[in-house]
Amino acid sequence: MLFIVLFHFTNAQTVIFSENIGTPAGTTAINANIFQNGSPITFSGTADIRISTPSDTYPGASGNGCVFFGGTTPAKTFIIEGINTSNYSNIILSFGHQKGTNAGNKELTVAVSSDGTNWIPLSYTRPTGAGTSIWTLITPAGTIPSTNNLRIKFENPISNIGFRIDDVKLTGNTLSIKENNIAGLKIYPNPLTGGILFISTDSNSEKNITVFDILGKQLIHTIVTESVNVSNLKAGIYIIKITEEGKTATRKLVIK
């Protein structure tokens, strides 16, 4: 049976991950706290969990537990790992943020990583001056990768300013795909580490190939029989559209 193919990128933001830091009875080490999320999500760092100064002055503030980053030696950190963002684009991070002094601003840093080694810094600023030592909702700017293990790292260097965070949330646009079946269609290797992607079918006829990024931008359009060179594509997630003998199918392609 032949199905009509439709693939598109939805514009509505979907919640990928949300963490309210739990409801501890008092000051608690990160590795002893009961968080809202469990496995495969993990939490680590040298900050601690507190119930003092709970979040309150932004929409949706959960109160109860929050992460406290003292400004003294050593630098205080909070790391979240294991978040799967691989099926999302236009990913946005938000979190509640409280600073201990009116002069404090962006000393608490935030960065993201897909491998735990290379970190991408995100940027934000917040008001300073009288009356600004309050909770506010921060939405930092920067690129958050689509990956099967996103890490988020918050860090307060030796700033002599204490910070708190709460209600860490990720949202993104989901990729929705409906597809028909081209008889015997196989795409390999997938995930791909080299530059050549092989495509085989029962008829092994000429194929019209189009590759899109996760934002829907066309990157490759070619006609082949059994392989396509994708060596110019960076590591990431793509959508490949194959048309053969009037039949069309789409597949997700992962390049490492």
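I'll start with a hairpin: strand 18 and strand 19 form one, with 2 residues between them. In the turn, E245 has a positive phi of about 50 degrees. Before going on, note that this is a predicted model. Strand 18 covers residues 236–244, strand 19 covers residues 247–255, and the two run antiparallel, joined by 9 bridges. To give one position along that pairing, K241 stands opposite T250 in strand 19.

Next, a sheet. It is an open sheet of 5 strands, and the pairing is antiparallel. Reading across, the order is 3-6-11-8-9. Which strands stand at the edges? They are strand 3, residues 42–44, and strand 9, residues 120–122. Each has a single partner strand, so one side of each is left without a neighbour in the sheet. As for twist, neighbouring strands of this sheet are turned by 20 degrees against each other on average, direction ignored.

Let me stay with strand 3. Its pairing with strand 6, residues 76–83, is in the antiparallel sense and runs over 3 bridges. T42 has E81 in strand 6 as its bridge partner.

That brings me to the aromatic side chains. How many aromatic pairs does the structure hold? There are 8. I'll show two of them.

The first slide has F43 and F78. Their ring centres are 6.1 Å apart and the planes are at 10 degrees, so this pair is stacked. F43 lies in strand 3 and F78 in strand 6, so the pair ties together parts that are 35 residues apart in sequence. Is F43 buried or exposed? F43 has a relative accessible area of 14%, and because the cut-off for buried is under 20%, F43 counts as buried. F78 is buried as well, with a relative accessible area of 0%.

The next slide has F95 and F154. Here the ring centres are 5.0 Å apart and the planes are at 80 degrees, so the pair is edge-to-face. This pair also links distant parts of the chain, 59 residues apart. F95 sits in strand 7, residues 88–99, and F154 in strand 11, residues 150–156. Strand 11 is one we have already met, in the order of the open sheet. Both rings belong to buried residues: F95 has a relative accessible area of 1%, and F154 has 0%.

These four residues are part of a cluster. Ring pairs link F35, F43, F78, F95, Y124 and F154 into it.

Now another buried residue, this one with a charged side chain in the usual naming: E19. It lies in strand 1, residues 6–19. At 0% relative accessibility, E19 counts as buried. The C-alpha atoms of E19 and L170 are separated by 9.4 Å, while along the chain the two residues are 151 residues apart.

Last, the surface. Which residues form a nonpolar patch there? Y188, I196 and F198 do, with about 260 Å² of accessible area together. F198 lies in strand 14, residues 196–200. At 34% relative accessibility, F198 counts as partly exposed, in contrast to F78, which is buried at 0%.

To recap, we have a hairpin of strands 18 and 19, an open sheet of 5 strands, a cluster of linked rings that includes F43 and F154, and a nonpolar patch on the surface. That's it from me.

Key
Residues numbered from 1 in each chain as written. Predicted model: local features only at pLDDT ≥ 70, side-chain atom pairs only at ≥ 80, totals over all residues. Heavy atoms only, no water. Patch = residues over 30% accessible without salt bridge, like charges linked within 9 Å, V, L, I, M, F, W, Y side chains within 5 Å. Areas by Shrake-Rupley, 256 points an atom, 1.4 Å probe, with all protein chains shown as cover. Salt bridge = Lys/Arg side-chain N within 4 Å of Asp/Glu carboxyl O. Helix = DSSP H or I, 4+ residues; strand = E, 2+ residues; numbered from the N terminus. Buried < 20%, exposed > 50% of the residue type's maximum accessible area, 1.4 Å probe, protein only. Pairing = 2+ DSSP bridges. Axes fitted to C-alpha atoms, helices over the stretch in contact; angles between N-to-C directions. Phe/Tyr/Trp six-rings, centres within 6.5 Å; stacked < 30°, edge-to-face > 60°.
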